[in-house]
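Notebook open, coffee at hand. I wanted to go through the metal site and then the pockets.

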Amino acid sequence: MIDVSTRSARHSFYVSTAWLKLRAKVLARDNYECIWCKAEGKVTTKKNAVLEVDHIKELEHYPQYALDIKNLRTLCKNCHNKRHGRYQRRNKRFDDEEFEW
Ligand SMILES: [Zn+2]
């Protein structure tokens with residue numbers, strides 16, 4: 001079982017070869033497009049955004065699905081941040097802006 005119990009263990013996971021290889025596969029499977037933007041009729045690719053690979057069942061709570069391709073999807077940074085509620089601690093008016101953390 002993959003250890004994701006601490007921030008540093010999760011960091012080790014995200015730099016592992018197994019993850020990086022699978023991540024590349026997910027991006028290819030999803031045609032290098034954010035699938036949430038696609039669902040809204042927008043084309044978001046690596047040309048106009050940063051693409052990230054999201055764990056549908058969150059890594060922290062479902063380590064058994066960490067390397068399950070069916071549990072992974074391509075999201076742009078914007079959608080990924082929204083999904084994880086990274087904006088919620090900030091003022092609402094920042095919602096549509098890009099933030100670097
Ligand atoms: Zn998106």
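I looked up Cys34 first: its relative accessibility is 0%, so I put it down as buried (under 20% relative accessible area, with over 50% exposed and partly exposed in between; 1.4 Å probe, protein chains only). Cys79 is buried too, at 10%.

A note to self: this is a predicted model, where local features need pLDDT of at least 70, side-chain atom pairs count only at pLDDT 80 or more, and totals for chains, interfaces and linings use all residues. Residues are numbered from 1 along each chain as its sequence is written, and side-chain values use heavy atoms, leaving out hydrogens and water.

Next I checked the zinc ion. Its protein donors (N, O and S atoms within 2.8 Å of the metal, or 3.2 Å for Na, K and Ca) are the SG atoms of Cys34, Cys37, Cys76 and Cys79, lying 2.3 Å from the ion. Cys34, in the loop between helix 2 and helix 3, and Cys79, in helix 4, are 45 residues apart and link distant parts of the chain. Helices here are DSSP runs of H or I, at least four residues. The donor angles are 104 to 115°, so I noted a tetrahedral arrangement (four donors, all angles between 85 and 135 degrees). I wrote the spacing down as C-x2-C-x38-C-x2-C.

Then I turned to the second largest pocket. Cys37, Lys42, Cys76, Asn78 and Cys79 lie nearest its centre, among 14 lining residues. Helix 4 gives the largest share of that lining, four residues.

Key
1 Å grid on protein atoms, 1.4 Å probe; cavity = no way out; pocket = protein on both sides within 12 Å on 5 of 7 lines; lining within 4 Å. Helix = DSSP H or I, 4+ residues; strand = E, 2+ residues; numbered from the N terminus. Tetrahedral: all angles 85-135°; square planar, octahedral: opposite > 155°, others 65-115°.
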